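Welcome! Please take a moment to look over the sequence and turn the model around before reading on.

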Amino acid sequence: LAAGIALAEALEPLLQATPTLKWPNDLLFEGRKLAGILVEASTDRGTVQHAIVGIGVNVNLTQFPEELADLAGSLFLATGKKQHRAEVLALILERLESWIERLQREGAESVVANWTRYAPWMGKQVTVTRTGGDLVGTASGLEPDGALRVLDEHGREHLVLSGDVEMPKDGD
């Protein structure tokens, strides 16, 4: 989650608008996937020993294959300006270092509170595609461990650890 905030904060000034974080690891702009994050961590008795964070950003792509044209975006397509990849990387790394330090200093609650600033879909109905079937309900928040809380139509709260979230369209 900290990497998502870092990515959103780094790209927001370039976009001159607020991007959206899609739980758990995508950054969207105007409904299109601009970037993705993958984290692999090694733990021992519940303590993270190390983590490897992979971040992919579509920087200067001008077009996508037909099957991705409505789903994917790039900084270039969003801004109309070619970006210097090294400068984009420097912005991301600076924000990532800051958020890792903040996570260590303040704990997960600070990260969760700030992550939701980039999730305007929180509090709205979502569909989570996961092993065992879809879950439809209201996205009601995040747990400190990053699990998504979804309140179903019967008032039962579900903690989602993995899955693909279909968010409401803008205005829904």
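This report walks through one helix and two sheets.

Keep in mind that this is a predicted model.

**A helix with two sides**

Let us begin with helix α3, which covers residues 85-106. Does its length fit what one would expect, and how far apart are its ends? At 1.5 Å a residue, the 22 residues of α3 should span 32 Å, and the end C-alpha atoms are 31 Å apart, which agrees.

Now look at which way the side chains of α3 face. Val88, Ile92, Leu96 and Trp99 are buried. These four cover an arc of only 70° around the axis, which puts them on the same side of α3. The spacing helps to explain this: an α-helix has 3.6 residues a turn, so residues three or four places apart point the same way. On the other side of α3 you will find exposed residues, namely Ala86, Glu87, Glu97, Gln104 and Arg105.

What do the buried residues of α3 pack against? Their partners are α1 (2-15), β4 (47-57), α2 (75-79) and α4 (108-115). Just after α3 comes glycine 107, with a positive phi of about 90°.

**The four-stranded sheet**

Next, find the open sheet made of four strands, in the order β1-β2-β3-β4, with antiparallel pairing. Its edge strands are β1 (20-22) and β4, each of which pairs on one side only. On average, neighbouring strands of this sheet are turned by 25° against each other, direction ignored. Helix α1 packs on the sheet and touches β1, β2, β3 and β4. The direction of α1 makes about 155° with that of β3.

**The five-stranded sheet**

The other open sheet to visit has five strands in the order β8-β7-β6-β5-β9, and the pairing here is antiparallel too. At its edges lie β8 (157-160) and β9 (164-166), each pairing on one side only. From one strand to the next, the twist averages 45°.

**Two strand pairs in detail**

The table sets out one antiparallel pair from each sheet.

| Strand | Partner strand | Bridges |
|---|---|---|
| β2 (residues 26-29) | β3 (residues 32-44) | four bridges |
| β6 (residues 135-142) | β7 (residues 148-152) | five bridges |

To see these pairs residue by residue, start from leucine 27, whose bridge partner in β3 is alanine 35. Then move to glycine 137, whose bridge partner in β7 is aspartate 152.

Methods. Residues numbered from 1 in each chain as written. Predicted model: local features only at pLDDT ≥ 70, side-chain atom pairs only at ≥ 80, totals over all residues. Heavy atoms only, no water. Helix = DSSP H or I, 4+ residues; strand = E, 2+ residues; numbered from the N terminus. Expected span 1.5 Å × (residues − 1). Buried < 20%, exposed > 50% of the residue type's maximum accessible area, 1.4 Å probe, protein only. Arc of directions from axis to C-beta. Contact = heavy atoms within 4.5 Å. Pairing = 2+ DSSP bridges. Axes fitted to C-alpha atoms, helices over the stretch in contact; angles between N-to-C directions.
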